[in-house]
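The following exercises concern the packing and the backbone of a protein chain. Please examine the sequence and the structure before reading the solutions.

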Amino acid sequence: MPVLKALFWGSLGALAWTHAGYPAAAALGARLRPRRVRKDEITPRVTVIVPAYNEEAVIRRRLENLLALEYPADRLEVVVSSDDSDDGTDEIVQEVAAREP
């Protein structure tokens, strides 16, 4: 019976620590030792991968939509992965790529 009581109180203590003790200790630690946060204008490089298979009907509109994003063109890369499409998907992608490098 003492083993079950110890298991119960240990489990209750662990639950109390995870739900109340640790958040309180983290808040106290943040107040005692604050860290400055840099607030620089950061614009990361973004790569958008478009998987395509026989998407002739929609691929041009999708690529034009991606190229019209309000994101710096030098930080945006669009990659089209065509899985041997047998319609005009590859030709449309090449046409758009030639127009918008």
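A nonpolar core is a set of buried Ala, Val, Leu, Ile, Met, Phe, Trp, Tyr and Cys residues joined through side-chain atoms within 4.5 Å. The model examined here is predicted.

**Exercise 1.** Determine which residues of helix α2 are buried, and on which side of α2 they lie.

*Solution.* Within α2, which spans residues 59-67, the buried residues are Ile59, Leu63 and Leu66. They lie on the same side of α2 because the arc they cover around the axis is only 60°. Their cover includes the strands β1 (46-52) and β2 (76-82), together with helix α3 (89-99).

**Exercise 2.** Identify the residues of the largest nonpolar core and the elements that supply them.

*Solution.* Ten residues form this core: Val48, Val50, Ala52, Ile59, Leu63, Leu66, Leu76, Ile92, Val93 and Val96. At least two core residues come from each of β1, α2 and α3. Leu66 may serve as an example: leaving aside residues up to four places away in sequence, Leu66 touches Val48, Val50, Leu76 and Val78.

**Exercise 3.** Classify Leu4 as buried or exposed, and name the surface patch to which Leu4 contributes.

*Solution.* Leu4 belongs to helix α1 (residues 2-32). Its relative accessibility is 56%, so Leu4 counts as exposed. Met1, Leu4 and Leu7 make a nonpolar surface patch of about 380 Å².

**Exercise 4.** Locate Asn54 and Asp84, and state the sign of phi at each.

*Solution.* Most residues other than glycine have a negative phi. Asn54, in the loop between β1 and α2, has a positive phi of about 55°. Asp84, in the loop between β2 and α3, likewise has a positive phi of about 55°. Asn54 is partly exposed at 29% relative accessibility, whereas Asp84 is exposed at 63%.

Key. Residues are numbered from 1 along each chain as its sequence is written. This is a predicted model: local features need pLDDT of at least 70, side-chain atom pairs count only at pLDDT 80 or more; totals for chains, interfaces and linings use all residues. Side-chain values use heavy atoms; hydrogens and water are left out. Buried means under 20% relative accessible area, exposed over 50%, partly exposed in between (1.4 Å probe, protein chains only). Helices (H or I, at least four residues) and strands (E, at least two) are DSSP runs, numbered from the N terminus. The arc is that of the directions from the helix axis to the C-beta atoms. Contact means heavy atoms within 4.5 Å. Patches are made of residues with over 30% relative accessible area and no salt bridge: like charges are joined within 9 Å, nonpolar side chains (Val, Leu, Ile, Met, Phe, Trp, Tyr) within 5 Å. Accessible areas come from the Shrake-Rupley method with a 1.4 Å probe; for residues, only the protein chains shown count as cover. A salt bridge is a side-chain nitrogen of Lys or Arg within 4 Å of a carboxyl oxygen of Asp or Glu.
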